[in-house]
Amino acid sequence: YTATANASWLQGRHDVRFGIDTNRNHINHWQPPSTAGGARGGFTFSGGVTALKGGSSPNRFNSLADFMLGMPQAISKSLVGLATIREWVFGLYFRDRWQITPNLTATLGLRWEYYPLPTRDHRGIERYDPEDNKVYIGGIAGIPDNAGSEASKRGFAPRVGLAYRIRNAHVLRAGYGITIDPFSIGRSMRSNYPTVITGDWSGPNSYQPFATLARGIPALVFPDISTGVLDMPEDVEANFIAKGVFRRGYIQSWNLIYEAQLPWSFVGSAGYVATRSIRQRTSLELNSAPPGGGNAGRAMYLKFGRTASTEEHAAWQTSQYDSLQASLDRRFKGGLMVKTAYTWSKAMGYNDNSNDRPFFLYPAAWHRNRALQGFDRTHVFRTAWMWNLPFGTNQKWGHGAVANALLGGWQVNGIFSSYTGTPFTVTSSGASLNAPGNSQVADQVKANVAKLGGIGNNNPWLDPLAFRAVTEVRFGNSGRNMLRGPGVVNLDMGLFRRFKLTERTDLQFRAEAFNITNTPHFNNPSSNASNMSLNPDGSLKSSGSFMAILSAAQDQRSFRFGLRFSF
């Protein structure tokens with residue numbers, strides 16, 4: 001539910017606008033977490049149970065062997081109640097567009113946003129406390145609805161923009177602003193214990209199973225919440241925000257752009273555009289272990305015997321984006337319009353988006369998360385055009401009845417795109433790492449990774465021998481998102497014709513072709529080094545799927561035809 005009120009006041013050189021926004025968000029879900037076995041439960045056959053400790057890294061054949069023996073290394077299952085969330089969002093703003101001189105305009109603004117902590121539809125929210133391993137249920141037995149956490153009220157976001165007309169055909173624009181991160185905490189807290197109970201069981205280390213398939217999945221039971229305080233089971237996942245004031249992150253944005261009117265009806269611009277995401281929201285796993293630690297080395301196991309995931313929804317670290325952005329546009333004139341844009345950019349951060357866990361979760365390895373973002377594309381070029389062909393009535397050529405009937409009313413349009421591929425991480429089995437809560441990367445053993453350009457199994461895109469699976473108790477030496485997949489080149493085209501039926505009615509025929517060249521847009525290659533097989537002398541026996549491209553985007557050439565009647 002949204003309510004918005006705005007007002008404007010014009011006074012001399014000032015154009016003032018102010019207002020209020022309010023939002024009331026509801027969630028009513030029955031949705032088992034798909035990553036935790038779901039309502040039916042799930043088994044993980046990691047391959048470590050049948051792997052040789054100190055030998056080759058486990059591969060998919062080891063996983064199959066684990067399954068054939070009925071020995072899962074981990075088991076998970078969810079018991080789900082109706083997850084309801086009620087959440088308010090409030091915003092106030094003030095903006096003044098000030099015409100300082102005929103050539104200089106300033107836009108000054110300030111916005112205040114407040115995000116109270118969410119509640120359930122019938123009581124407050126739950127909060128797990130990692131200091132005493134208890135869950136406090138808001139609104140029960142005298143516990144406040146926020147259960148000991150509260151939202152910061154310091155969500156002030158200033159903005160300033162300047163536009164200076166150097167000459168009639170040249171403008172310099174600059175701006176700076178802060179935006180409060182609007183990510184819904186209610187969504188993160190939807191599945192808190194005991195509304196959703198997710199059991200998470202694993203063997204004492206990566207080489208031992210938790211149990212056999214014959215033993216089945218341990219039972220989960222909804223607890224009695226009447227006391228308002230529950231002991232947290234050691235094998236049940238916990239999601240929480242910390243006690244005290246939760247300070248949302250924010251995004252700083254700034255730009256400096258020069259724009260000019262050019263000959264032949266073109267307008268060009270170029271400038272620097274950047275953002276900094278301060279205290280980016282993420283899910284921090286507090287129950288990770290160091291290399292070789294196993295379950296007994298988990299941080300929360302040492303305190304409370306907890307073996308299950310324990311995630312804090314935290315405002316954490318900073319990501320950055322810097323870019324050169326340029327455009328060249330031709331306004332619609334003489335039947336022709338062209339729009340062209342180019343971006344050269346770099347995005348760096350600690351995790352790709354606010355729903356992701358960091359890749360390295362052991363605190364001593366946190367610094368290794370800083371890398372290119374998974375959505376980074378160094379170069380992006382796009383151009384679009386629309387051209388009304390110069391034939392027929394009121395056009396340059398073809399004024400006769402026959403020429404008009406055959407050639408009049410045609411339009412050609414299209415979009416051409418070319419951009420760099422996205423980064424990816426070269427992974428490895430984590431069996432030898434034996435550090436629950438963490439992911440593993442491969443070792444890079446060659447200084448340069450050659451591009452081979454192959455497609456399909458055993459025909460790698462990049463040199464597989466540049467990497468090795470890790471079989472020791474340590475993290476691999478390669479970095480997160482250190483390689484890049486194939487780029488994309490695409491052309492969409494359209495051919496339209498307009499028929500004038502009467503003075504007030506038109507009929508337009510449309511023929512459109514998407515990816516008209518039928519160019520495949522390949523996905524990133526498979527990147528698990530443990531899928532590679534080597535001979536005893538270290539030569540490549542089979543790359544398998546490692547470094548092979550096995551799929552492409554489902555955007556093969558397609559045609560669409562239509563008629564549009566206007567009146």
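Helices, of at least four residues, and strands, of at least two, are DSSP runs numbered from the N terminus. Counted in this way, the protein shown above, which is a predicted model, comes to four helices and 33 strands. Its C-alpha atoms fill a box of roughly 85 × 65 × 45 Å along the principal axes.

A few overall figures help a newcomer to find their bearings. The protein has 567 residues, and 45% of them count as buried. Among contacts between residues at least 6 apart in sequence, 72% join residues at least 24 apart. The exposed area is about 28,700 Å², with carbon and sulfur atoms supplying 58% of it. As for charge, there are 59 positive and 38 negative side chains, and the centres of these two sets lie 9 Å apart.

Turning to the interior, the largest nonpolar core has 15 residues, and the members touching the most others are Y128, V135, Y193, M232 and V236. Two or more residues of this core come from each of β8 (134-137), β12 (196-202) and β14 (238-240). Another core, of 13 residues, lies apart from the largest one and includes W461, L483, A529 and M532. Back in the largest core, M232 offers a good place to look around. Leaving aside neighbours within four places in sequence, M232 is in contact with Y128, V135 and Y193, and also with N133, K134, E237, A238 and R306.

Aromatic rings are another helpful guide to the model, which holds twelve aromatic pairs. One of the pairs is formed by F359 and F360, whose ring centres are 5.3 Å apart with 65° between the planes. This pair counts as edge-to-face, because planes over 60 degrees apart are classed in that way. Both partners are buried: F359 has a relative accessible area of 18%, and F360 has one of 0%. F359 still counts as buried because the cut-off is under 20% relative accessible area. Elsewhere, ring pairs link W88, F90, W112 and Y114 into a cluster.

A last stop is S283, which sits in strand β18 (residues 281-285). Is S283 buried or exposed? With a relative accessible area of 5%, S283 is buried. Beyond neighbours within four places in sequence, its contacts are E311, E312 and H313, together with D356, R357, P358 and L361.

Notes. Residues numbered from 1 in each chain as written. Predicted model: local features only at pLDDT ≥ 70, side-chain atom pairs only at ≥ 80, totals over all residues. Heavy atoms only, no water. Buried < 20%, exposed > 50% of the residue type's maximum accessible area, 1.4 Å probe, protein only. Contact = heavy atoms within 4.5 Å. Areas by Shrake-Rupley, 256 points an atom, 1.4 Å probe, with all protein chains shown as cover. Lys, Arg positive; Asp, Glu negative; His and termini not counted. Charge placed at Lys NZ, Arg CZ, Asp CG, Glu CD. Core = buried A, V, L, I, M, F, W, Y, C linked by side-chain atoms within 4.5 Å. Phe/Tyr/Trp six-rings, centres within 6.5 Å; stacked < 30°, edge-to-face > 60°.
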